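Please take a moment to look at the sequence and the structure below before reading on. The paragraphs that follow go through the strands, then the helices, and then the side chains.

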Amino acid sequence: MKWMIIIVIMMSLIGSMMWVMPTPRQKYQAALRMKAKKMGFLVQLERLTAPRAKGEMEPESRDITAYRVIREGLNREEKNHFKTWQIFRLESISDIGLPSGWSWSEGERTLSEKQLDKLTEVISKLPDGIFSLESTPIHAGVYWNEEGGDEALDEIKTLLDGLVTERF
């Protein structure tokens, strides 16, 4: 009987230790986020509410990771007149100037034709796991499900650096 109690206690302790160990997905995310920080990204977990999609009664909200590149070099005048925008990978009624499957949350009809063309080019190169793309006077960023690994992270960095350089 003593052996049975000892075995149950040991199994309980081992089970508790296994429960607090990170899963392979959590290890992957931690490594990816560390690499992103070394590349210059600001990585944050956020609750994001998308615009209401066509045919939906309520907008979708989800917890997702934001990968942002800080925008530097804007003077006060440029910051005051910066056109903030955010787009989502979903279909809604606010889609003027965007490719099919994308819609505006903020900034519709504020970008020039040249900027819309550049934005369309950026959208065509985005990895599949990107849910949203945004640009503010402070940063350019994406909301990403972290699928695609290092190659997707490198592509995101290149695209966001391009948005920062173009200043829109």
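In this predicted model, a good place to begin is the hairpin that joins β5 to β6 through three residues. The two strands of this hairpin, β5 and β6, pair in the antiparallel sense over five bridges. Within that pairing I130 stands opposite W144 in β6, and the bridge partner of L133 in β6 is V142.

From the hairpin the view can be widened to the sheet around it. The strands belong to an open sheet of six, whose order is β1-β2-β6-β5-β3-β4 and whose pairing is antiparallel. At the edges are β1, residues 41–49, and β4, residues 103–106, each of which pairs on one side only. Neighbouring strands of this sheet are turned against each other by 25 degrees on average, if direction is ignored.

Reading the order from β1, one meets β2, residues 61–70, which is joined to β1 by nine bridges and runs antiparallel to it; here R47 stands opposite D63 in β2. Strand β2 is in turn joined to β6 by six bridges, again with the two strands running antiparallel, and in this pairing I70 stands opposite H139 in β6. On the other side of the hairpin, β3 and β5 pair in the antiparallel sense over four bridges, with I87 standing opposite L133 in β5.

How many residues of β6 are buried? Six of its six residues are, so that the strand is mostly covered, and β5 is likewise mostly covered, with six of its six residues buried. A general point helps in reading such a strand: in a regular strand the side chains alternate between the two faces of the sheet. In β6, H139, G141 and Y143 point one way, while A140, V142 and W144 point the other way, and all of them are buried.

Helices also lie against these strands. Helix α4, residues 113–125, lies across β3, β4 and β5, and runs at about 40 degrees to β3. Helix α5, residues 149–166, packs on the sheet and touches β1, β2, β3, β5 and β6, its direction making about 150 degrees with that of β6.

With strands and helices in place, the side chains can be followed. In soluble globular proteins, nonpolar side chains tend to be buried together. The largest nonpolar core in this model has 30 residues, of which L119 and L133 touch the most other members. The elements that give two or more residues to this core are α2 (residues 24–39), β1, β2, β3, α4, β5, β6 and α5, and the largest share, seven residues, comes from α5. L133 is worth finding in the picture: leaving aside residues up to four places away in sequence, the residues that L133 touches include W85, I87, L119, V122, V142 and L160. There is also a second, separate core of nine residues, which includes L48, I64, F88 and F131.

The aromatic rings offer another way through the structure, which holds four aromatic pairs. One of these is formed by Y67 and W144, which meet edge-to-face at 5.1 Å centre to centre, with 70 degrees between the planes. This pair links distant parts of the chain, since Y67 is in strand β2 and W144 is in strand β6, 77 residues apart. Why do Y67 and W144 count as buried? Buried means under 20% relative accessible area; Y67 counts as buried because its relative accessibility is 0%, and W144 because its relative accessibility is 1%.

F88 and F131 form another edge-to-face pair, at 5.5 Å centre to centre and with 75 degrees between the planes. Here too the pair links distant parts of the chain, with F88 in strand β3 and F131 in strand β5, 43 residues apart. F88, at 0% relative accessibility, counts as buried, and F131 is buried as well, with a relative accessible area of 7%.

Finally, some rings have further neighbours. F41, Y67 and W144 form one aromatic cluster, and K157 lies over the face of F41, at 5.5 Å from the ring centre. R62, for its part, lies over the face of F131, at 3.7 Å from the ring centre.

Conventions. Residues numbered from 1 in each chain as written. Predicted model: local features only at pLDDT ≥ 70, side-chain atom pairs only at ≥ 80, totals over all residues. Heavy atoms only, no water. Pairing = 2+ DSSP bridges. Axes fitted to C-alpha atoms, helices over the stretch in contact; angles between N-to-C directions. Contact = heavy atoms within 4.5 Å. Phe/Tyr/Trp six-rings, centres within 6.5 Å; stacked < 30°, edge-to-face > 60°. Buried < 20%, exposed > 50% of the residue type's maximum accessible area, 1.4 Å probe, protein only. Lys NZ or Arg CZ within 6 Å of the ring centre and 35° of its normal. Core = buried A, V, L, I, M, F, W, Y, C linked by side-chain atoms within 4.5 Å.
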